[in-house]
Amino acid sequence: MSMPSMVDSDAVVIGAGPVGLFQVFQLGLLGLKAHLIDVLPAVGGQCVALYPDKPIYDVPGVPLCTGRELAQLLLAQARPFLPLDPVSGGCDQIHLGQLVSQIEAEADGRFVVETDRGLRLRARAVFVAAGAGAFVPRTLNLPALDGAVNVHYHLDDATVASLSGQHVVISGGGDEALGAVLALAALPADRRPHAVTLLHRRDQFQAEQELDAQVRSLLASQQVSLVVGMPTDAVVQDGRVTALSVLGPDSVARDVPLDHLLVRQGMSPKLGPLSQWGLSLERKQVSVSAATFESSTPGIYAVGDINTYPGKKRLLLCGFHEATLAAHAAAAALNPEAPQHLLYTTTSPLLHQRLGVHQGH
Ligand SMILES: Cc1cc2nc3c(=O)[nH]c(=O)nc-3n(C[C@H](O)[C@H](O)[C@H](O)COP(=O)(O)OP(=O)(O)OC[C@H]3O[C@@H](n4cnc5c(N)ncnc54)[C@H](O)[C@@H]3O)c2cc1C
């Protein structure tokens, strides 16, 4: 769906990690509409980017769930306030694959939040839920690859579709690379790549034992090939990489031809543009009040792993608490005349109406 050049909202939440998702929910309960932005192609932040299949045991009331499951639960909980468009099937309040580059204050106290893809959102309150920073994939550090259209960093549905019947080289030796090998091997035959080559600097992987064992079995049955070495250059024709030059352990350089290159070498968080937003920082964290979670700029709040205050703990539970208090502080600041009664989701007809549930259920 194409977006107009400027979209107005009550709030913008920067970062769709667990805390950003819960922030949208808490704002929604208080009647504030929020847009959510993340540079990653999926919601969930660290839970999905760093430990999707690992168990979490300390979310209150949830004895056990994986990182991916928690992200899905939080998204489902926030869904009343992030409605799906019946035609497109998407949500026009969620903006993925976009890096927030700039926040500017307007004369009337509103903020304009701008992304690297030209999206501009104007809001009365901004919530920075940026975690350890924007997750960006680690690259191969080969300038020749810049802008090549057949180099991918994420295994989203569109990428998977483009790999069908192709020779795919997957670079990396950790969970992400091995997980991608297994995901492609598990596709139905008509959607699978023609050939998959795993490229890693050595013949040892740094992945979970089970992933390692499954990929070893695919290598043994020659369903996947392994090339050991360091990529040192790339052959690029008409904007497409056609081969990597790989220096092997025997110090011989060999060309590895390919149709698509999938770089799965992990993610690293970059504070990046956040340091330019004029917020008071302490050791790369945004300093906030522990009562309101407001930053040094009134109207900009910081919640979750990105903030710091006396006693801060980088735990999910703490981020959820911060998002709750920040939402209440923002609601009070935006509507100073309105009485700020604490309402319960169990009993409040107003909250039931906002949640779209029938009273009494
Ligand atoms: C391996 C591991 C295990 C963990 N286990 C537990 C556990 O068992 N229990 C627990 O309580 N905690 C655990 N944690 C910590 C927990 O994951 C974090 O506290 C939590 O993810 C913080 O959530 P967040 O939303 O603040 O940040 P994040 O999850 O880091 O999400 C921030 C999001 O903001 C995005 N972003 C940042 N800057 C920008 C920008 N400029 N533009 C667009 N997007 C941007 C990032 O891409 C990211 O998706 C664990 C962490 C790790 C690494």
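Reader: What makes the approach of Val 100 to a nitrogen atom of the ligand a polar contact?

Author: Good place to start, and keep in mind that this is a predicted model. A backbone N or O atom of Val 100 lies 2.8 Å from a nitrogen atom of the ligand. The cut-off for a pair of N or O atoms is 3.5 Å, so this pair counts as a polar contact.

Reader: How do you know that Val 19 and Val 39 make polar contacts with the ligand?

Author: Take them one at a time. For Val 19, a backbone N or O atom is 3.1 Å from an oxygen atom of the ligand. For Val 39, a polar backbone atom is 3.2 Å from a nitrogen atom of the ligand. Each distance is within 3.5 Å, so each pair qualifies. Looking at the ligand as a whole, the protein covers 86% of the 1000 Å² of accessible area that the ligand has on its own.

Reader: Which elements give two or more residues to the shell around the ligand?

Author: They are helix H1 (18–29), helix H2 (45–49) and strand S9 (134–137). H1 gives the most, with three residues. The shell has 30 residues, and the closest are Asp 38, Tyr 51, Asp 58, Val 100 and Asp 305. By class, 17 are nonpolar, nine are polar and four are charged.

Reader: Why is Trp 277 called buried?

Author: The cut-off for buried is under 20% relative accessible area. Trp 277 has 10% relative accessibility, so Trp 277 counts as buried. You will find Trp 277 in the loop between S18 and strand S19 (281–282).

Reader: What is Trp 277 in contact with, leaving aside its neighbours within four places in sequence?

Author: Ile 14, Val 100, Ser 101, Gln 102, Ile 103 and Val 128. With Ser 101 there is a polar contact too: the side chain of Trp 277 reaches the backbone oxygen of Ser 101 at 3.1 Å.

Reader: How many residues are in the largest nonpolar core, and which have the most contacts inside it?

Author: That core has 66 residues, and Ile 14, Phe 127 and Val 128 have the most contacts inside it. Helix H7 (residues 316–334) supplies the largest share, nine residues. Another core, of 20 residues, lies apart from it and includes Ala 177, Val 181, Leu 198 and Val 215. There is a general pattern behind this: in soluble globular proteins, nonpolar side chains tend to be buried together.

Reader: What is Phe 127 in contact with, leaving aside its neighbours within four places in sequence?

Author: Its partners include Ala 11, Val 12, Val 13 and Ile 14, as well as Ala 326, Ala 327 and Ala 330. Gln 23, Leu 27 and Tyr 301 are among them too.

Reader: Which residues of helix H5 are buried?

Author: In H5 (residues 175–185), the buried residues are Glu 176, Ala 177, Leu 178, Ala 180, Val 181, Leu 182 and Leu 184. Among the elements they pack against are H2, strand S11 (167–171), strand S12 (195–200) and helix H6 (209–220).

Reader: What makes the phi values of Gln 222 and Phe 293 worth pointing out?

Author: Most residues other than glycine have a negative phi. Phi of Gln 222 is near 60°, and phi of Phe 293 is near 65°; each is a positive value in a residue other than glycine. Gln 222 is found in the loop between H6 and strand S13 (225–228). Phe 293 is found in the loop between strand S20 (285–287) and strand S21 (300–302).

Reader: How do you know whether Gln 222 and Phe 293 are buried or exposed?

Author: Set each value against its cut-off. Gln 222 has a relative accessible area of 71%, which is over 50%, so Gln 222 is exposed. Phe 293 has 0% relative accessibility, which is under 20%, so Phe 293 is buried.

Reader: What makes His 95 and His 35 partners in a polar contact?

Author: Their side chains are joined at 2.8 Å, which is within the 3.5 Å cut-off. His 95 lies in strand S5 (residues 94–96). With a relative accessible area of 5%, His 95 is under the 20% cut-off and is therefore buried.

Methods: Residues are numbered from 1 along each chain as its sequence is written. This is a predicted model: local features need pLDDT of at least 70, side-chain atom pairs count only at pLDDT 80 or more; totals for chains, interfaces and linings use all residues. Side-chain values use heavy atoms; hydrogens and water are left out. A nonpolar core is a set of buried Ala, Val, Leu, Ile, Met, Phe, Trp, Tyr and Cys residues joined through side-chain atoms within 4.5 Å. Buried means under 20% relative accessible area, exposed over 50%, partly exposed in between (1.4 Å probe, protein chains only). Helices (H or I, at least four residues) and strands (E, at least two) are DSSP runs, numbered from the N terminus. Contact means heavy atoms within 4.5 Å. A residue is near a molecule or strand if one of its heavy atoms lies within 4 Å of it. A polar contact is a pair of N or O atoms within 3.5 Å; within protein, one must be able to donate a hydrogen and the other to accept it, and residues adjacent in sequence count only if both atoms are side-chain atoms. Accessible areas come from the Shrake-Rupley method with a 1.4 Å probe; for residues, only the protein chains shown count as cover. Ala, Val, Leu, Ile, Met, Phe, Trp, Tyr, Cys and Pro count as nonpolar, Asp, Glu, Lys and Arg as charged, and the others, Gly among them, as polar.
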